[in-house]
Every structure is written in structure tokens, then in C-alpha cells.
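Here's a quick tour of a single chain, from its overall make-up down to a few side-chain pairs. Have the structure open as you read.

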Amino acid sequence: MNVLIFDFSDYRAYLKGLLKSYPKKGHGVRSVWAQALNCQVAFVSHVLNGLYDFSIEQGEALTRYLAFSKDETEYFLLLLQKERAGTHELKKFYTQLIQEKISEREDIRKRMKIKENLSVEDQAIYYSKWLYSATHILLTIPEFQTSPEKIAQYFNTPLVTIREILEFLETRKLIVLKNGRYLVQDSYIFINKDSPLFSHQQSFWRQKAIEAIYQNNREDIHFASIFTISESDLKKVKEILLKSIEETTEIIKPSKEEKLYSICMDLFEVK
């Protein structure tokens, strides 16, 4: 079982969960941790039982032993400092920082390090029709880079519409015409969730997903489910989905451009 620090709001609960995930429920691991922290095994046990807290230095040493990333280390140390806080106001301060850290991780734009690179006016045009983004990304496939006619045929769309879209993409420096080829300059465009255009952009790709369902292509994947879940497990599911977005993006970026695909992922409370 993969135990993630971001699933916890208490560093002791995380460490106990981590111990349980090890073979034989972590037998002997406490002594290894004690060695890494240069302290007695009994002290580690006292910390896990809530009698004491690790020092900040010990906490940092433990994150190094556990090979934490920078984000994981920062989050763990925030949890530790919250527990070590001597006043209600200081504990409240660290609790707020922890919530901000969680919100930051749930912001896909920050996790994927994507920048907004269109003005508000240009976003209104780019997201007005699904064909703008579809044509933009289709141009990463070499066989479509030299022929607007082929693009129009692929989308079963009037050629004049495709030429208008190409002109827009070129004037906004999203593509460049070089030696008879339309070459993509920037294929990663992101619209903030707070934008009034966000719901529109999301809805037309889900409409395309509905159309694909009726086409019943065996290579496609369509999944829908309704379920009940605890608050704590919901956090774990969200982390898995966000992580899968990160991982698939890392695969997609260097992948050879051969086919045009869309991914739509939804997780929401049913009311």
C-alpha cells in the first residue's frame, strides 16, 4: 500500500500508517528510524504515542531518510511545527499554511507548471469552438502540417473555417508557417478554473465524449460510476486522480504525435 503524506493532517498518524504498510507491520523499522535520527528507539515510540514531538531537525532528518520530495518535506515539517506550536494562535497559523499547501497541490495548473499564454480576448475566441484547440493540437501530427484541406476533411468541416482558425493560431504565435509547414509553437494552453470560459471549454469536450460513446469505438474508454465515500477516503481518491493527470501528462509530452485524443475526467458530489 502506498501511504502518502498529503493524505494526512497529523504527522504521527502518517508515520503509524507508514509502519503498518511495511511487512510484519513495520517490525524493526522504529530502530532504523532511531538510528537515522541519532536517538533512542524508546524516544521514537514515545513520539508515536503522543508523549513527545520530534525536533524540527529530527523531522528534517527523517524526511531525508524517507527520500521525500521538496514538497513532501515542506508539508511534513508544517505538520510537525503545528504539533510543536505552544499557543493556540501559532497552531492556527500553521493549520492555515497546511490548508494552503493542500489547496496548492489540488491546483492542477501549479502541479503541472502550465502558464496561461493567451489574453482574455483571445481566450474568448480560442474556447468559442472545440475546433480551435483540436486543430491546434492536430498540427503536432506531421501529415496534417502541410494541408489545410486534409484538416478540413479530417474534421468534416468547411475549408474556410479551418483557414480562419489557422490564421488565428498563427497571428497569436501558437503556430508558425515555415517552409510550407504549420509548426506548433506552444501546445499546452491552460484556462483557469475561475475563468468564465472554463465551463464552456469543459462542456464542449464532454459533448464530444458523449458523441464518442455512441460511436462505440472498441479502443475508447468510457466509465461512469456513482458511489458513497468517507471524507478521508475522498482525499485519497482525489490525490490518485490528480497524480494520474500528472503521470499521463509526462507520458504525453514526449510521445510521438500520431493520433488525436481527448481525456475527460470528472469527480463531483451528486446533489
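## Overall picture

Keep in mind that this is a predicted model. The chain carries 13 helices and two strands. Of its 271 residues, 34% count as buried. Take the contacts between residues at least 6 apart in sequence: 60% of them join residues at least 24 apart.

On the outside, the chain exposes about 18000 Å², and carbon and sulfur atoms supply 53% of that.

## Aromatic pairs

The count of aromatic pairs comes to 14. Take tyrosine 11 and phenylalanine 54: their ring centres are 6.2 Å apart and their planes sit at 45 degrees, so this pair is tilted. It also links distant parts of the chain, with tyrosine 11 in helix α1 (residues 11-21) and phenylalanine 54 in the loop between α3 (41-48) and α4 (56-65), 43 residues apart. Both tyrosine 11 and phenylalanine 54 are buried. For another geometry, look at phenylalanine 93 and tyrosine 94, with centres 5.5 Å apart and planes at 65 degrees, so that pair is edge-to-face. Phenylalanine 93 is partly exposed at 43% relative accessible area, whereas tyrosine 94 counts as buried at 15%.

Ring pairs also build up a cluster, made of Phe8, Tyr11, Tyr14, Phe43, Tyr52, Phe54, Phe68 and Phe76. Elsewhere, a charge meets a ring: lysine 150 lies over the face of phenylalanine 144, 5.9 Å from the ring centre.

## Salt bridges

The structure holds twelve salt bridges. In one of them, glutamate 83 pairs with arginine 12, and the closest N and O atoms are 3.7 Å apart. Glutamate 83 belongs to helix α5 (residues 70-84) and arginine 12 to helix α1, so the bridge ties together parts that are 71 residues apart in sequence. Arginine 12 is buried, at 11% relative accessible area, while glutamate 83 is partly exposed at 23%. These two belong to a salt-bridge network that links Arg12, Asp53, Lys82 and Glu83.

Helix α5 turns up again in the bridge between lysine 101 and glutamate 74 (2.5 Å, N to O). Here lysine 101 sits in helix α6 (residues 88-106) and glutamate 74 in helix α5, 27 residues apart. Lysine 101 is buried, with a relative accessible area of 10%; glutamate 74 is partly exposed at 30%. For a bridge within one helix, try lysine 236 and aspartate 233, whose closest N and O atoms are 3.8 Å apart. Both lie in helix α13 (residues 231-252), three residues apart, or about one turn of the helix. An α-helix has 3.6 residues a turn, so residues three or four places apart point the same way. Lysine 236 is partly exposed at 37%, and aspartate 233 is partly exposed at 34%.

## Inside and outside

Which helix is largely enclosed by the rest of the structure? That's α9 (residues 130-138): seven of its nine residues are buried, so the helix is largely enclosed. The buried ones are Leu131, Tyr132, Ser133, Ala134, Thr135, His136 and Leu138.

On the surface, Ile210, Ile213 and Tyr214 make a nonpolar patch of about 350 Å². Isoleucine 210 is in helix α12 (residues 198-215) and is partly exposed, with a relative accessible area of 40%. Back in helix α1 you'll find lysine 20, which is exposed at 65%. The C-alpha atoms of lysine 20 and valine 3 are separated by 9.5 Å, and these residues are 17 apart along the chain.

Definitions and conventions: Residues are numbered from 1 along each chain as its sequence is written. This is a predicted model: local features need pLDDT of at least 70, side-chain atom pairs count only at pLDDT 80 or more; totals for chains, interfaces and linings use all residues. Side-chain values use heavy atoms; hydrogens and water are left out. Rings of Phe, Tyr and Trp (its six-membered ring) pair if their centres lie within 6.5 Å; planes under 30 degrees apart count as stacked, over 60 as edge-to-face and the rest as tilted. Helices (H or I, at least four residues) and strands (E, at least two) are DSSP runs, numbered from the N terminus. Buried means under 20% relative accessible area, exposed over 50%, partly exposed in between (1.4 Å probe, protein chains only). A charge sits over a ring if NZ of Lys or CZ of Arg is within 6 Å of the ring centre and within 35 degrees of the ring normal. Contact means heavy atoms within 4.5 Å. Accessible areas come from the Shrake-Rupley method with a 1.4 Å probe; for residues, only the protein chains shown count as cover. Patches are made of residues with over 30% relative accessible area and no salt bridge: like charges are joined within 9 Å, nonpolar side chains (Val, Leu, Ile, Met, Phe, Trp, Tyr) within 5 Å. A salt bridge is a side-chain nitrogen of Lys or Arg within 4 Å of a carboxyl oxygen of Asp or Glu.
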